[in-house]
Amino acid sequence: MTVQTNETYIGKYFEGIKQIADKISRSDIAGVIDCFFDCWKNGRTIFLIGNGGSAGTASHFACDLNKVTACEGKKRLKAVSLVDNAPLLTALVNDNGWEHLYTEQLKNFFSPGDVVCAFSVHGGSGSDQAGLWSQNLLAAFKYAKEHGGKTIGFAGFDGGAFKKYADYCIVVPYETTPHVESFHVVLHHLIAFRLREMIEHDG
């Protein structure tokens, strides 16, 4: 087997990023931006969730939605990460199981009109040693819809179950985990900084 040089590997990785940027749906991104802007206008809360690396993205996005969009003289956008309280997470998994990790938290905080935003490479489809992937994310979508809220999914590959269950779904059209997770961060920065611009100039 021929081992790639660093230069070849780097070139292929960046070529994948360029392909994603060329193919990804601009209208789907715009739909998510408009949904978040409506949340700000109506004083609703955005709840961010994910598993594994996507949990890190959810946490980072919650940070940026709160900090980046804060404009002097304007009300604040409210975003909450449900992945950051380790004692609560482990207690919920221990007592209620992995599938209910996010729905149990939503029962504390969710109100009609709020939004659940989830990140998943495969969009809640597929399985591994522990069984089906990301069923806790799909359960959170179901809870949000049953309680008068909206759902947003960030996925990759073919979009998986997210394309069916999310009101708005951005699919990164690529089939490797590092490219999908990397581009989810690109998207969350794009969205946060666009929202700041919209909030700053509203009214």
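**Exercise 1. The largest pocket**

Find how much space the largest pocket of this predicted model holds, and which residues lie closest to its centre.

*Solution.* Start with the volume: the largest pocket holds about 360 Å³ of space. Next, look at the lining, which is made up of 20 residues; Asn 51, Trp 98, Leu 132, Trp 133 and Ser 134 are the closest to the centre. Now sort the lining by class: eleven residues are polar, seven are nonpolar and two are charged. Finally, trace the lining back to the secondary structure, where β5 (131-132), α6 (135-146) and α8 (177-200) each contribute at least two residues.

**Exercise 2. The sheet and a helix on it**

Work out the strand order of the open sheet, then place helix α3 against the sheet.

*Solution.* Take the order to begin with: the five strands run β2-β1-β3-β6-β7, and their pairing is parallel. At the edges sit β2 (78-81) and β7 (168-172), each of which pairs on one side only. On average, neighbouring strands of this sheet are turned by 15° against each other, direction ignored. Then zoom in on one pair: β3 (residues 115-119) and β6 (residues 150-156) are joined in the parallel sense by five bridges. Within β6, Thr 151 is the residue opposite Val 116. Last, add helix α3 (residues 53-67), which packs on the sheet and touches β1 (45-50), β2, β3 and β6. The direction of α3 makes about 160° with that of β1.

**Exercise 3. A salt bridge in a helix**

Explain why Glu 15 and Lys 18 are separated by about one helical turn, and describe how their side chains meet.

*Solution.* First, note the spacing: both residues belong to helix α1 (residues 6-23), and because they are three residues apart, about one helical turn separates them. Next, check the side chains: Glu 15 and Lys 18 form a salt bridge, at 3.4 Å from N to O, which satisfies the cut-off of 4 Å. To finish, count across the model: there are six salt bridges by this rule.

Technical notes: Residues numbered from 1 in each chain as written. Predicted model: local features only at pLDDT ≥ 70, side-chain atom pairs only at ≥ 80, totals over all residues. Heavy atoms only, no water. 1 Å grid on protein atoms, 1.4 Å probe; cavity = no way out; pocket = protein on both sides within 12 Å on 5 of 7 lines; lining within 4 Å. Points joined across faces, edges and corners; volume = space filled by probe spheres on them. Helix = DSSP H or I, 4+ residues; strand = E, 2+ residues; numbered from the N terminus. Nonpolar A, V, L, I, M, F, W, Y, C, P; charged D, E, K, R; others polar. Pairing = 2+ DSSP bridges. Axes fitted to C-alpha atoms, helices over the stretch in contact; angles between N-to-C directions. Contact = heavy atoms within 4.5 Å.
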